[in-house]
Amino acid sequence: MQLHTLSVHQLSELMEKKEVSSEELTRFHLERINQVEDELQAFVTITKEEALAQARAVDEKRARGEKLSLLAGIPMALKDNICTLGVKTTCASKILYNFIPPYDAGVAERLKRADAVLIGKCNMDEFAMGSSTENSGFFSTKNPFNSETVPGGSSGGSAAAVAAGEAAFALGSDTGGSIRQPAAFCGVIGLKPTYGYVSQYGLISYASSLDQIGPLTRDMTDLALILNTICGHDVKDSTTTLAEVPDFRKCLVNDIKGLRIGLPQEYFGTGIKTRLAEKIHEAIRKLEELGAICEEVALPHTEYALPAHYIISSAEASSNLARYDGVRHGLRVEAEDVLNMFKKTRSQGFGAEVKRRIMLGTHFLSTSNYEAYYVKALKVRTLIRQEFDRAFEKFDCLLTPTCPTTAFKIGEKADDPLAMYLSEICTLPVNMAGLPAMSLPFGMIEGLPVGLQLIAPHFTEGTLLRIGYTLEQSTDQTRPMPGLSR
Amino acid sequence: MPMKITEKDVEQAALLSRLELTAQDTTDCTKSLNTILEYMDKLNNLDASTVDPSAHVLRLKNVFREDKREPSLNKESVLGNAPEEQAGAFKVPRIV
């Protein structure tokens, strides 16, 4: 049976009916990893023994007749910036090459309680800084659709693992598009929840006012199941909402008649590949056919979002990464005095892009630059948020391409940090406003998946699920499968 | 108004962020940072003088919890990651 092509809810049903055990399912996925991982390199760590032990425990619980969650026994992968108790967590950085967290992240704990099986920790751009996973301190990940192209980033490993069937679902993190863009490049669904919906406790920080953990899945029902599990207040993260989390499965409704979808013209501007724009317009026509009302809208401050995002994220990163000093964890380069220990450890432990952003951030926060850069960027955040709020008075949701291109070639943008950052031009403004947004696959161009982005008002993930589910039920374009060599 | 970054600025940023750059690194870094900063000049076209800055997007303020003692992390597992430890503390080169 092609178990690696099934979705979480299908696998859950098979286990419920005792047609497959959790241990068998886990072994199957470990074997799958054996087959494709040499080529893909989606994982930093594969937790074989732990996974089998967890799987056996689930089988025992099921044999005892215990009531289990719908995620019980499901093999999952976590991005390697999510702390997992006793399991190496590196952020794909040499500076954390041997870090073993003494605690589970909030989301890891919730998934553990739901008896999901951790099969491995996924590769990423170092400290989540990048859009291609080429900035990993260890190795690059390949796109399962075309091994000459990138899987996107920074959650490239997570996206590739789900697309290639190495895990039934994964979690990634998104600071400027790092879930959505790799989801688009790898033909899977990726959702960045509303800022404050999912705990950041145990997520190794990049830019705390922008970071958010979210799921990567193969279908919409899976997305609902995982959101049900990971969303909600965490006393250990004071930025999480106290609002009650609905049962997201109730939002999986095959009906979008009368739904008003805005098309921000700034996102369809120059830089977007013609054939990709055509594909997005095809999706718009399909949505109209299904009863949605699609109309153009202007978001004139969009062009300021990227520079402002770059400033805020670098500034916050320079502060968040100050803790990597060789004192308490990770790499330490010995030196005669503490200052040199700091300098050598950090210089040898961090990659080039990380150092670049730390220095940029330091520059923006220095006294003479603070007002002109950092405070200005914070004002742009206010403007972006207000602009989205105004658009949502007229529309239930906004639709844009996730990325101006499909997956680009390995090495194509590696030497041009600005070009790399620009690949997130459609996704960054969303993080500035803290809105929920989802990338949904919609067809392919020249063998590479296309991603459609939907943006909704705060805490209305239900709208995204509804539209995604309706499209999923009405067309076969939302589930491409890569033709891997094996 | 935002100016281009010089090699001296890069050296200063490196000092503040405890990074060690070779002369070549400094030159390369100055170049790439300048390209990025040129792009930032876009922000000069925007008059945001009447806008309030947002440090974050949520309408949350002063989220406190009760000052109640709860178990902390297990000391052994925390020290387990230490490059060097002694007598239950992180050991570092002499500071004073």
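These legends go with close-up views of a predicted model, taking in its helix packing and its empty spaces.

**View 1. Helix H11 of chain A meets helix H2 of chain B.** Here H11(A), residues 352-365, packs on H2(B), residues 23-40, at an angle of about 55°, and the two axes sit 11 Å apart. An angle like that is neither parallel nor perpendicular by the cut-offs used, so H11(A) and H2(B) count as oblique to each other. The crossing of H11(A) over H2(B) is right-handed. On the chain A side, look for A:Arg356, A:Met359, A:Leu360, A:His363 and A:Phe364. Chain B answers with B:Cys29, B:Ser32, B:Leu33, B:Ile36, B:Leu37 and B:Met40. Sorted by class, that contact comes to 8 nonpolar, 2 polar and 1 charged residues.

**View 2. Helix H9 of chain A crosses H11(A).** We stay with H11(A) but swap its partner for H9(A). The axes of H9(A) and H11(A) come within 7 Å, crossing at roughly 100°. That is why H9(A) and H11(A) are described as roughly perpendicular to each other. From H9(A), the residues to pick out are A:Tyr310, A:Ile311, A:Ser314, A:Ala315 and A:Ser318. They meet A:Arg357, A:Ile358, A:Leu360, A:Gly361, A:Thr362, A:Phe364 and A:Leu365 in H11(A). The class tally for this contact is 7 nonpolar, 4 polar and 1 charged residues. If A:Leu360 and A:Phe364 look familiar, that's because they also belong to the contact of H11(A) with H2(B).

**View 3. Helices H7 and H15 of chain A pack together.** H7(A) covers residues 220-230 and H15(A) covers residues 461-474. Their axes come within 9 Å and cross at roughly 155°. This makes H7(A) roughly antiparallel to H15(A). In H7(A), the contact residues are A:Met220, A:Thr221, A:Leu223, A:Ala224 and A:Leu227. Facing them in H15(A) are A:Leu464, A:Leu465, A:Gly468, A:Tyr469 and A:Glu472. Split by class, the contact has 7 nonpolar, 2 polar and 1 charged residues.

**View 4. The largest pocket holds about 740 Å³ of space.** Its lining runs to 31 residues, and those closest to the pocket centre are A:Gly271, A:Ile272, A:Lys273, A:Pro404 and A:Thr405. Three helices of chain A each give two or more residues to this lining: H8 (274-289), H9 (302-320) and H13 (417-422). So what sort of residues line the largest pocket? There are 13 nonpolar, 9 polar and 9 charged ones.

**View 5. The largest cavity has about 90 Å³ of space.** The structure holds 4 cavities of 30 Å³ or more, and this view shows the largest of them. Of its 13 lining residues, A:Gly130, A:Tyr206, A:Arg357, A:Tyr421 and A:Glu424 are closest to the centre. A:Arg357 also turns up in the contact of H11(A) with H9(A). The lining of the largest cavity divides into 5 nonpolar, 6 polar and 2 charged residues.

**View 6. The second largest cavity has a volume of about 50 Å³.** Its walls come from A:Phe145, A:Ala163, A:Cys186, A:Gly187, A:Val188, A:Arg218, A:Arg479, A:Pro480, A:Met481 and A:Pro482. By class, this lining has 7 nonpolar, 1 polar and 2 charged residues.

Methods
Residues are numbered from 1 along each chain as its sequence is written. Chains are lettered from A and ligands numbered from 1 in the order in which they are written. This is a predicted model: local features need pLDDT of at least 70, side-chain atom pairs count only at pLDDT 80 or more; totals for chains, interfaces and linings use all residues. Side-chain values use heavy atoms; hydrogens and water are left out. On a 1 Å grid over the protein atoms alone, a cavity is a set of points where a 1.4 Å probe fits but cannot get out, and a pocket is an open set with protein on both sides within 12 Å along at least five of seven lines; lining residues have an atom within 4 Å of a point. Grid points are joined across faces, edges and corners, and a volume is the space filled by probe spheres set on the points. Helices (H or I, at least four residues) and strands (E, at least two) are DSSP runs, numbered from the N terminus. Ala, Val, Leu, Ile, Met, Phe, Trp, Tyr, Cys and Pro count as nonpolar, Asp, Glu, Lys and Arg as charged, and the others, Gly among them, as polar. Axes are lines fitted to C-alpha atoms, for helices over the stretch in contact, and angles run from 0 to 180 degrees between N-to-C directions. Angles under 35 degrees count as roughly parallel, over 145 as roughly antiparallel, 65 to 115 as roughly perpendicular and the rest as oblique. A crossing is left-handed if the near helix is turned anticlockwise from the far one by less than a right angle, and right-handed if clockwise. Contact means heavy atoms within 4.5 Å.
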